[in-house]
Amino acid sequence: MPTTPQPRPNVLAIPTYVAGKPPAPRPGLTPYKLSSNENPYPPLPGVVEAATEAAAVMNRYPDMGSTALYAALAETLGVPVEDLAAATGSVALIYQLVNAFCEPGDEVVYAWRSFEAYPIAVTAGGARSVQVPLTADGRHDLDAMADAVTDRTRVVIVCTPNNPTGPAVSQADLDAFIAKVPSHVVVVVDEAYLEFVRMDDAIDGVATYRQHRNVVLTRTFSKAYGLAGFRVGYAVAPAPLAGALRAVSLPFGVSHVAQAAAIASLAAKDELLARVEDLVARRTDLVTRLGEVGWDLPEAQGNFVWFPLGDAATDFAAACGEVGISVRPFAGDGVRVSIGEAEAFDRVVEVAARFAP
Ligand SMILES: *Cc1c(COP(=O)(O)O)cnc(C)c1O
């Protein structure tokens, strides 16, 4: 017997989450943080007021059932409340999916590179990651992912648009993929960036989940809605699956302030759409300018662009840091730059020009 407490072996194997860093100050330069896909806008109208009011009752536990939030989401999405599961960010839902559906050693299939929380949540839950390489242009290889499903597979995750590379899956490709996955396997469609998608045959997540008994949509208030600091996400899934996700959730996880802010954000739909439209326009502008300096990037459908820099990734990030901009490097692979303040773009383009392929 060891003489000190030992965590389960999988706990020691959990990769560390590398959070986007704030920019280091540079004399004479306004710093910009483009490293975490955050929304550069302040909270939507009415949100600070709703959250402030909610903060006044912080001596009370929040509504554990997030009743008002579920009602607002059900109304907005046109789905029954039993088909919803709110959580402390959609990251928490990935943990809950593994906890609810995987026995130790069961397999979770997802594309790689993709969202870095996936391997962390899968390993923490004692399951096994099966990572299927992206295509050369940063897309999911859905055929290879379907082929990677085995008897041990319990969950497959489709991240669309894919963080950090940017391309989104089409409805036709998603439909074909779901048709190939056995119906006892949970198909998670991680739609963290759905509001930013502008393509033909874009996914209609709600219509898709309605057609299947094994499809779970995960969504978040962190990106388009700009509530990253408050930690609210939700799943839309057939009632038995949503119920399982609620059953393994942390009691009272979503704070009263976060619930109030999310509800107020849903009410500001027009302002939300206007902001998203503006961020999409900034994305188009940045992609055009990067094209002019020699970059043919993977299709950017989220609020970020991806530079497939390989070994130059850390140098590129350091060069951005020199001019007061923090970006998110993935060593040996590439750099993700968030669509934040347009004032930062001149500097991004200038650095990108120096590193053009
Ligand atoms: C940001 C992100 C999320 C959501 O994060 P939360 O802040 O936990 O809601 C989920 N999936 C992907 C792919 C993301 O990039």
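At 24% relative accessibility, Arg289 falls between the 20% and 50% limits and so counts as partly exposed. This value, like the others here, comes from a predicted model. Arg289 has a partner: its side chain meets that of Asp346 in a salt bridge, with 2.6 Å from N to O. The pair ties together distant parts of the chain, with Arg289 in helix α11 and Asp346 in helix α13, 57 residues apart.

Helix α13 itself is worth a look. The helix runs over residues 345-354, and its buried residues are Phe345, Arg347, Val348, Val349, Val351 and Ala352. What lies over them? The cover includes the helices α11 (269-292) and α12 (313-322), along with the strands β1 (32-33), β9 (304-307), β10 (325-326) and β12 (334-338). Helix α11 thus turns up twice, as part of the cover over α13 and as the home of Arg289, the salt-bridge partner of Asp346.

Helix α13 also holds a salt bridge of its own. Here the side chains of Arg354 and Glu350 come together at 3.0 Å, N to O. Both residues sit in α13, four residues apart, or about one turn of the helix. Arg354 counts as exposed because its relative accessibility is 52%, and exposed means over 50%. Glu350, at 36%, counts as partly exposed. Elsewhere, Asp106, Arg152 and Arg154 are joined into one network by salt bridges that share partners.

How many salt bridges does a search of the whole structure find? The count is 15. One of them joins the side chains of Lys180 and Asp143, at 2.5 Å from N to O. This pair, too, bridges distant parts of the chain: Lys180 belongs to helix α7 and Asp143 to helix α6 (residues 142-147), with their positions 37 residues apart. Both ends are partly exposed, Lys180 at 45% relative accessibility and Asp143 at 46%. As a general point, side chains of opposite charge can pair when their charged atoms come close.

Helix α7 (residues 171-180) also contains Gln171. Is Gln171 buried or exposed? Its relative accessibility is 13%, and anything under 20% is buried, so Gln171 counts as buried. Its side chain reaches the backbone nitrogen of Asp204 at 2.7 Å, and a polar contact of 3.0 Å links it to the side chain of Thr208. Leaving aside residues up to four places away in sequence, Gln171 touches Asp201, Ala202, Ile203, Asp204 and Thr208.

Next comes the ligand, which has 13 residues around it; Tyr193, Thr220, Ser222, Lys223 and Arg231 are the closest. A side-chain N or O atom of Tyr193 is 2.6 Å from an oxygen atom of the ligand. Ser90 takes part through its backbone, where an N or O atom lies 2.7 Å from a ligand oxygen. For Lys223, a polar side-chain atom is 3.2 Å from an oxygen atom of the ligand. On its own, the ligand has 390 Å² of accessible area, and the protein covers 94% of that.

Back on the surface, Tyr61, Met64 and Phe252 make up a nonpolar patch, with about 380 Å² of accessible area together. Phe252 lies in the loop between α9 (239-247) and α10 (256-267). At 35% relative accessibility, Phe252 counts as partly exposed.

How values were computed: Residues are numbered from 1 along each chain as its sequence is written. This is a predicted model: local features need pLDDT of at least 70, side-chain atom pairs count only at pLDDT 80 or more; totals for chains, interfaces and linings use all residues. Side-chain values use heavy atoms; hydrogens and water are left out. Buried means under 20% relative accessible area, exposed over 50%, partly exposed in between (1.4 Å probe, protein chains only). Helices (H or I, at least four residues) and strands (E, at least two) are DSSP runs, numbered from the N terminus. Contact means heavy atoms within 4.5 Å. Patches are made of residues with over 30% relative accessible area and no salt bridge: like charges are joined within 9 Å, nonpolar side chains (Val, Leu, Ile, Met, Phe, Trp, Tyr) within 5 Å. Accessible areas come from the Shrake-Rupley method with a 1.4 Å probe; for residues, only the protein chains shown count as cover. A salt bridge is a side-chain nitrogen of Lys or Arg within 4 Å of a carboxyl oxygen of Asp or Glu. A polar contact is a pair of N or O atoms within 3.5 Å; within protein, one must be able to donate a hydrogen and the other to accept it, and residues adjacent in sequence count only if both atoms are side-chain atoms. A residue is near a molecule or strand if one of its heavy atoms lies within 4 Å of it.
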